[in-house]
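Thank you all for coming; I would like to spend a few minutes walking through one structure. Please have the sequence and the coordinates open while I talk, and stop me wherever something is unclear.

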Number of protein chains: 2
Amino acid sequence: MGKGSFLGEFEQVVLLAVAQLGDDGYGVSIRQEIERRTGRDVSIGAVYATLSRLEEKGMAASYEGEAVARRGGRARRHFRMEPAGARALQATRGMIDAMWSGLDLPGSADPV
Amino acid sequence: MGKGSFLGEFEQVVLLAVAQLGDDGYGVSIRQEIERRTGRDVSIGAVYATLSRLEEKGMAASYEGEAVARRGGRARRHFRMEPAGARALQATRGMIDAMWSGLDLPGSADPV
DNA sequence: CGTATTAGTTCTATTTTGTATATCATTTGA
DNA sequence: TCAAATGATATACAAAATAGAACTAATACG
């Protein structure tokens, strides 16, 4: 087995944000969700590039939303997670967990 | 805050193997540990390249071991994890956990 | 109207990570 | 002394991550 089914670090983060947002995920809200949860600030370009890659790989799908009646409220490109995405997230998590298993780092609260 | 303190997917895996192996980590054993724990087969070149990058960033350090009396038993280059590496591992894990928090994927056993 | 403003997306360019394979080095067994 | 074995480096390239500018589509407002 090569890498294949696993996700890169940022792919994981973006796809998790998509999953968390359900129907409310689109470029801007996805970026906000990541910043809110992790405190990490991400560029909007990075988010879209990653979303495209996830879509190419069949882990996410996008569909056009409708324009909202607000200044600048153009149609949004919404994203949802596909089954393959959910599988990849779990595979990635399991793989990392296997590497952590039994390790306790000095100063760490909860050894796995 | 940008990415800065977080680790890439494979960097994480390699550094965790280094941590797990303690004094017994060197190129070949690190590769084996990863394969054993994850079932994923990794090329030796990928392992060394990643170890070098981790060392450059101060997350791991290497030192020369002694040659062992066995055919081909040349001196090994051992690796150990540095404090910055431990911090990066925990930061990365915490960040991913924050993204998972509250999510339960269909067919998943244990929602976080 | 028409143009300034805003929300949202796409494009472009570059750096960093991830990866495989081939080559080099060192040691011992025959 | 050279073949075999273990270990490390070198080389080259592909994929992922990232920033920021440019572009698009919508409305507010004079």
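**Chain A, its partner and the core**

Let me begin with contacts within a single chain: in chain A, among the contacts with a separation of 6 or more, 48% are between residues 24 or more positions apart. I should say at once that this is a predicted model, and everything that follows has to be heard with that in mind.

Staying with chain A for a moment, we have four helices and two strands, and reading from the N terminus the order of the elements is α-α-α-β-β-α. Taken along the principal axes, the C-alpha atoms of chain A fill a box of roughly 55 × 35 × 20 Å, and of the 112 residues in chain A, 31% are buried.

Now to the relation between the two chains. A turn of 180°, combined with a shift of 0.1 Å along the axis, lays chain A on chain B with an RMSD of 0.1 Å, and the two copies are thus related as by a two-fold rotation axis. If you want to find that axis on your screen, look for Glu9(A), whose C-alpha is the nearest to the axis in chain A, at 2.6 Å from it. The same surface serves both copies, in that 100% of the contact residues of chain A recur in chain B.

What does that surface consist of on the side of chain A that touches chain B? In terms of numbers, 29 residues of chain A are in contact with 29 residues of chain B. The elements that give two or more residues to this side of chain A are helix H1 (9–21), helix H2 (27–38) and helix H4 (83–100) of chain A, and of these H4(A) gives the most, with eight residues. Sorted by class, the side of chain A that touches chain B has 16 nonpolar, eight polar and five charged residues.

One residue from the segment after H4 of chain A, Leu105(A), illustrates contact across the two chains. Setting aside neighbours within four places in sequence, Leu105(A) is in contact with Ala86(B), Leu89(B) and Gln90(B). Leu105(A) counts as partly exposed, because there are 18 C-beta neighbours inside 10 Å.

Let me turn to the core. Which residues touch the most other members of the largest nonpolar core? This core has 50 residues, and the ones in question are Val14(A), Leu15(A) and Val18(A), together with Val14(B), Leu15(B) and Val18(B). Taking Val18(B) as one of them, and leaving aside neighbours within four places in sequence, we find contacts with Gly25(B), Ile30(B), Ala60(B), Phe79(B), Arg80(B) and Met81(B).

Val14 and Leu15 come up again in the packing of H1 against H3, which I will take chain by chain. In chain A, the axes of H1(A) and helix H3 (residues 44–56) are 10 Å apart and the angle is about 90°, which makes H1(A) roughly perpendicular to H3(A). On the H1(A) side the contact is made by Phe10(A), Glu11(A), Val14(A) and Leu15(A), and on the H3(A) side by Ala46(A), Val47(A), Thr50(A), Leu51(A), Arg53(A) and Leu54(A). By class that gives seven nonpolar, one polar and two charged residues.

In chain B, the axes of helix H1 (residues 9–21) and helix H3 (residues 44–56) come within 10 Å and cross at roughly 90°, so H1(B) and H3(B) are likewise roughly perpendicular to each other. Here Phe10(B), Glu11(B), Val14(B) and Leu15(B) of H1(B) meet Val47(B), Thr50(B), Leu51(B), Arg53(B) and Leu54(B) of H3(B), and the classes come to six nonpolar, one polar and two charged residues.

I will finish with two individual residues of chain B. Is Gly58(B), in terms of its C-beta neighbours, buried or exposed? Gly58(B) lies in the loop between H3 and strand E1 (60–64) of chain B, and with 12 C-beta neighbours inside 10 Å Gly58(B) counts as exposed. Not counting residues up to four places away in sequence, Gly58(B) touches Glu82(B) and Ala84(B).

The other is Ala91(B), found in helix H4 (residues 83–100) of chain B, which counts as partly exposed with 16 C-beta neighbours inside 10 Å. The C-alpha atoms of Ala91(B) and Ser5(B) are separated by 7.1 Å, although the residues are 86 apart along the chain. Beyond the neighbours within four places in sequence, Ala91(B) is in contact with Ser5(B) and Phe6(B).

Note on methods
Residues numbered from 1 in each chain as written. Chains lettered and ligands numbered in written order. Predicted model: local features only at pLDDT ≥ 70, side-chain atom pairs only at ≥ 80, totals over all residues. Least-squares fit on C-alpha atoms with pLDDT ≥ 70 in both. Contact = placed C-beta atoms within 7 Å. Nonpolar A, V, L, I, M, F, W, Y, C, P; charged D, E, K, R; others polar. Core = buried A, V, L, I, M, F, W, Y, C linked by C-beta atoms within 7 Å. Buried ≥ 20, exposed ≤ 12 C-beta atoms within 10 Å, placed from the backbone. Axes fitted to C-alpha atoms, helices over the stretch in contact; angles between N-to-C directions. Parallel < 35°, antiparallel > 145°, perpendicular 65-115°, else oblique.
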